Amino acid sequence: MGLFNAINIAATGMTAERLRSDVIADNIANASTTRTAEGGPFRRSRVVLRPKAEQPFWRSPFLPDMMDGGPGKGVRVAEIQKDTTPNRLVYDPTHPDAIQTGPRAGYVEMPNVDVVTEMVDMIAASRAYEANASIIDGSKTMFLRALEIGSR
């Protein structure tokens with residue numbers, strides 16, 4: 001394992017969590033958007049994360065260092081999915097996007113964004129980002145201590 005592997009792995013996590021925070025912020029910003037360019041109300045997006053190394057990790061104590069792949073390589077964003085849960089119907093016949101005819105006349109299709117769920121996801125993303133930043137700080141401290149020990 002190289003000197004900067006822990007920092008590189010934590011950096012992939014920070015990058016992924018930052019994108020996740022951006023997607024959550026977009027969801028919250030569009031919580032009331034009833035008209036999009038694609039047509040219809042806004043649909044919630046969510047980030048799907050996968051490990052960079054798809055194969056499961058195992059380590060043999062008998063494997064030479066040259067052949068050892070080491071621990072995981074970090075995380076990557078596999079895709080950003082649209083949530084397909086049904087939209088909320090809110091009765092507001094004065095809204096410009098209200099349904100005009102049929103049994104749902106007067107109802108407005110609102111986005112499937114629940115602000116409370118988005119805030120919980122934002123807190124989780126923020127905590128994951130902080131955990132990765134702590135790993136970088138810990139690694140940096142460990143490297144500095146190793147340099148101090150080596151300079152004696």
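Which residues form a nonpolar patch on the surface? The patch consists of Leu89, Tyr91 and Tyr107, which together have about 300 Å² of accessible area. Patches are made of residues with over 30% relative accessible area and no salt bridge, nonpolar side chains (Val, Leu, Ile, Met, Phe, Trp, Tyr) being joined within 5 Å and like charges within 9 Å. Accessible areas come from the Shrake-Rupley method with a 1.4 Å probe, and for residues only the protein chains shown count as cover. The structure is a predicted model, in which local features need pLDDT of at least 70 and side-chain atom pairs count only at pLDDT 80 or more, whereas totals for chains, interfaces and linings use all residues. Residues are numbered from 1 along each chain as its sequence is written, and side-chain values use heavy atoms, with hydrogens and water left out.

Within the patch, Tyr107 belongs to strand 4 (residues 107-110). Helices (H or I, at least four residues) and strands (E, at least two) are DSSP runs, numbered from the N terminus. Tyr107 is partly exposed, its relative accessible area being 31%. Residues are termed buried under 20% relative accessible area, exposed over 50%, and partly exposed in between (1.4 Å probe, protein chains only).

Two helices are considered next. Helix 1 (residues 5-29) contains 25 residues and reaches 36 Å from its first C-alpha to its last, close to the 36 Å expected at 1.5 Å a residue. The expected span of a helix is 1.5 Å times one less than its number of residues. For the 37 residues of helix 2 the expected span is 54 Å, and the end C-alpha atoms are 54 Å apart, in agreement. The buried residues of helix 1 include Ala10, Met14, Glu17, Val23, Ile24 and Asn27. These buried positions of helix 1 pack against strand 1 (45-51), strand 2 and helix 2 (115-151). In helix 2, the buried residues are Glu118, Ala125, Asn132, Ile136, Ser139 and Phe143, and they pack against helix 1.

Asn27, located in helix 1, is buried at 0% relative accessibility. Asn27 touches Phe42, Arg44, Ser45, Val113 and Glu118, residues up to four places away in sequence not being counted; contact means heavy atoms within 4.5 Å. The C-alpha atoms of Asn27 and Phe42 are 8.4 Å apart in space, with a separation of 15 residues in sequence.

The loop between strand 2 (75-82) and strand 3 (88-91) contains Asp83, and Asn87 is found in the loop between strand 2 and strand 3 as well. Asp83 counts as buried at 7% relative accessibility, and Asn87 counts as buried at 14%. A polar atom of the Asp83 side chain lies 3.2 Å from the backbone nitrogen of Thr85. Leaving aside neighbours within four places in sequence, Asp83 is in contact with Arg43, Arg44 and Asn112. On the same basis, the contacts of Asn87 are Pro41, Phe42, Arg43, Glu109, Met110, Pro111 and Asn112.

Side chains of opposite charge can pair when their charged atoms come close. The structure holds eight salt bridges, each defined by a side-chain nitrogen of Lys or Arg within 4 Å of a carboxyl oxygen of Asp or Glu. One of them joins the side chains of Arg35 and Asp97 (2.5 Å, N to O). Arg35 lies in the loop between helix 1 and strand 1 and Asp97 in the loop between strand 3 and strand 4, so this pair ties together parts that are 62 residues apart in sequence. Arg35 counts as exposed at 56% relative accessibility, whereas Asp97 is partly exposed at 24%.

A salt bridge is also formed between Glu118 and Arg44, with the closest N and O atoms 2.4 Å apart. Because Glu118 lies in helix 2 and Arg44 in the loop between helix 1 and strand 1, the pair ties together parts that are 74 residues apart in sequence. Both Glu118 and Arg44 are buried. Arg44, Asp83, Glu118 and Asp121 are linked in a network of salt bridges.

Within helix 2, Arg145 and Glu148 are three residues apart, about one turn of the helix, and their side chains meet in a salt bridge (3.3 Å, N to O). An α-helix has 3.6 residues a turn, so residues three or four places apart point the same way. Arg145 is partly exposed, with a relative accessible area of 47%, and Glu148 is partly exposed at 39%.

Conventions. Polar contact = N/O pair within 3.5 Å; in protein donor to acceptor, adjacent residues only side chain to side chain.
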